[in-house]
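The following paragraphs offer a guided reading of one protein model and its ligand. Please keep the sequence and the coordinates in view while reading.

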Amino acid sequence: MIGRMIDANLKPIADKVHAGERLSAADGLALLKSRDIWTIGELANHVRQKLHGKTAYYNVNRHINYTNICALSCKFCEFYRKKGQDGAYEMSVQDIAEQAKQAAAGGATELHIVGGLHPFLPFGYYTDMLRAIREATPAIHIKAFTAVEIVHLARIDRRPNVLAGVLRDLKDAGLGSLPGGGAEVFDDRVHDEAFKGKIRSNKWLDVHREAHKLGLMSNATMLYGHIESLEDRIHHFCLLREAQDEAIANSESGGGDTSGGGGRFQTIIPLPFFPDGSELEHLPGPSGLDNLRMLAVSRLMLDNFSHVKAFWIMQTLPMSQVSLDFGVDDLDGTVVWYDITKVGGADTHQEVGVNELRRSIIEAGYDPVERDTIYRQVKRDGAEWCVVKEGRDVVTA
Ligand code: V47
């Protein structure tokens, strides 16, 4: 290719990737600092093809943000409101069950439910919510509550040190898995500057560890492109990789309550920061190349995660198509309503149809496969669906 920039520093890293060796933090940093985006993409694609071939996953889901009232005031967040403030809302359990019914009638296999840290809702609101959804739509998978919300629930239920008990109650009420939100960047300086008051990385990891012990699957995110350094991003990857090593070892040794199999992280979802409307509005946010590089480096550093997701709402659908050549194997789903970020002045209705998702994947040269939340293949006839195949949770390390 004429004029293509080749970074010689990536050669030893390429050798490691081709030999299936684990990358070091220094390797990760060299990748993030490199402008040789094509080599980084090729390396990530090499790993992606080994794990998933030409398969690209999507799902039919619906996001529900049950309240935007939040006790925290994170600087990057434009979603939160204070009680009584204009635009503040909280949904009743009945409203949520109604939305769940509509989602099921539209063929959704998953509800992704998260909200602010509401200062007054009691613990019973959350278990009632799960039970009401279970009753209204027994087949739908409920992926709900970030680690930050779980710690908040333990506090309001006056069980600050009993995360396992809270998670068990939620699981008994219908919780199917944990989403990856709330991780932000695992670094104390960034924490104190941009999301003071939120739980720190050790607590976020504790919640996921406890969930995994209960046999729950979970995801992980990183919110990048604000005030963190490249070193902070790599540190975040290393902590996640260590936690996943532990989860895998635990499930293989039969540790934990393995009802539904040993829990572990399934997917990393790097989230590019959107400055608009937040207290950090003066920052530019990451570029398209930064986003592709982060997705690719996620694939390369997290060798024990099966999946890398480009959340199209934040990456945009056109960039998500390109990202399939940069290590990504999952584009998330139909979403429908999304409140947390509104790209380019979008309102909360942010939906992509199944046909458009499939067309985008095919155009990019991949085979679209509908999955459920735990990556089992789904067969569909309109709004009717069933699981046909066990997931391909291939783990390399
Ligand atoms: O936790 C908040 C982030 C997350 C902004 O698990 C922002 O499958 C960008 O976690 N710019 C919620 N990001 C989204 C999330 C997620 C999304 C899709 C799938 C899954 C999954 C998880 O959004 C929050 C926070 O980190 N966020 N504000 C912002 N201005």
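In this predicted model, a backbone N or O atom of Phe274 lies 2.9 Å from a nitrogen atom of the ligand. Two glycines approach oxygen atoms of the ligand through their backbones: for Gly180, a backbone N or O atom lies at 2.8 Å from a ligand oxygen, and for Gly181 the corresponding distance is 3.4 Å. Of the 620 Å² of accessible area that the ligand has on its own, the protein covers 95%.

The shell around the ligand consists of 23 residues, and the closest of these are Lys143, Gly180, Gly182, Glu184 and Lys309. By residue class, the shell contains 12 nonpolar, 7 polar and 4 charged residues. Two strands contribute to the shell with at least two residues each, namely S6 (217-224) and S7 (265-272).

These two strands also pair with each other. S6 and S7 run parallel and are joined by 7 bridges, with Phe265 of S7 as the bridge partner of Ser218. S7 has a further parallel partner in strand S8 (residues 307-308), to which 2 bridges connect it; there Ile268 stands opposite Val308. How far is S7 enclosed by the rest of the structure? Because 8 of its 8 residues are buried, S7 is largely enclosed.

His226 can be found by following the chain beyond S6, in the loop between S6 and helix H10 (230-252). Is His226 buried or exposed? Its relative accessible area is 10%, and a residue under 20% is classed as buried, so His226 is buried. The side chain of His226 reaches the backbone oxygen of Leu223 at a distance of 2.7 Å.

Strand S1 (residues 55-59) presents another case of enclosure. All 5 of its 5 residues are buried, and S1 is therefore largely enclosed by the rest of the structure. In a regular strand, side chains alternate between the two faces of the sheet. In S1, Thr55, Tyr57 and Asn59 lie on one side and Ala56 and Tyr58 on the other, and both faces are covered. S1 has parallel pairings with two strands: 4 bridges join S1 to S12 (residues 367-370), and 2 bridges join S1 to S9 (residues 330-333). In the pairing with S12, Tyr57 has Val369 as its bridge partner, whereas in the pairing with S9, Asn59 stands opposite Gly333.

Strand S2 (residues 61-65) is likewise mostly covered, with 5 of its 5 residues buried. On one side of S2 are Asn61, His63 and Asn65, on the other Arg62 and Ile64, and both faces are covered. S2 pairs in parallel with strand S3 (residues 110-114) through 5 bridges, and one of the partnerships links Asn65 to Val114.

Backbone geometry merits attention at two positions. Most residues other than glycine have a negative phi. Asp332, however, has a positive phi near 65°. Asp332 belongs to strand S9 and, with a relative accessible area of 2%, is buried. Thr316 also has a positive phi, of about 75°, although it is not a glycine. Thr316 is placed in the loop between helix H12 (312-315) and helix H13 (317-323). At 31% relative accessibility, Thr316 counts as partly exposed, because that class lies between the limits of 20% and 50%.

Val335 is located in strand S10 (residues 335-337). With a relative accessibility of 0%, Val335 counts as buried. The C-alpha atom of Val335 is separated by 34 Å from that of Val17, a residue 318 positions away along the chain.

The cysteines remain to be considered. How many disulfides does the model contain? The count comes to 0, where a disulfide requires a pair of cysteine sulfur atoms within 2.5 Å. Cys238 counts as buried at 17% relative accessibility, while Cys386, with a relative accessible area of 38%, is partly exposed.

Definitions and conventions
Residues are numbered from 1 along each chain as its sequence is written. This is a predicted model: local features need pLDDT of at least 70, side-chain atom pairs count only at pLDDT 80 or more; totals for chains, interfaces and linings use all residues. Side-chain values use heavy atoms; hydrogens and water are left out. A residue is near a molecule or strand if one of its heavy atoms lies within 4 Å of it. A polar contact is a pair of N or O atoms within 3.5 Å; within protein, one must be able to donate a hydrogen and the other to accept it, and residues adjacent in sequence count only if both atoms are side-chain atoms. Accessible areas come from the Shrake-Rupley method with a 1.4 Å probe; for residues, only the protein chains shown count as cover. Ala, Val, Leu, Ile, Met, Phe, Trp, Tyr, Cys and Pro count as nonpolar, Asp, Glu, Lys and Arg as charged, and the others, Gly among them, as polar. Buried means under 20% relative accessible area, exposed over 50%, partly exposed in between (1.4 Å probe, protein chains only). Two strands pair if DSSP finds at least two bridges between them.
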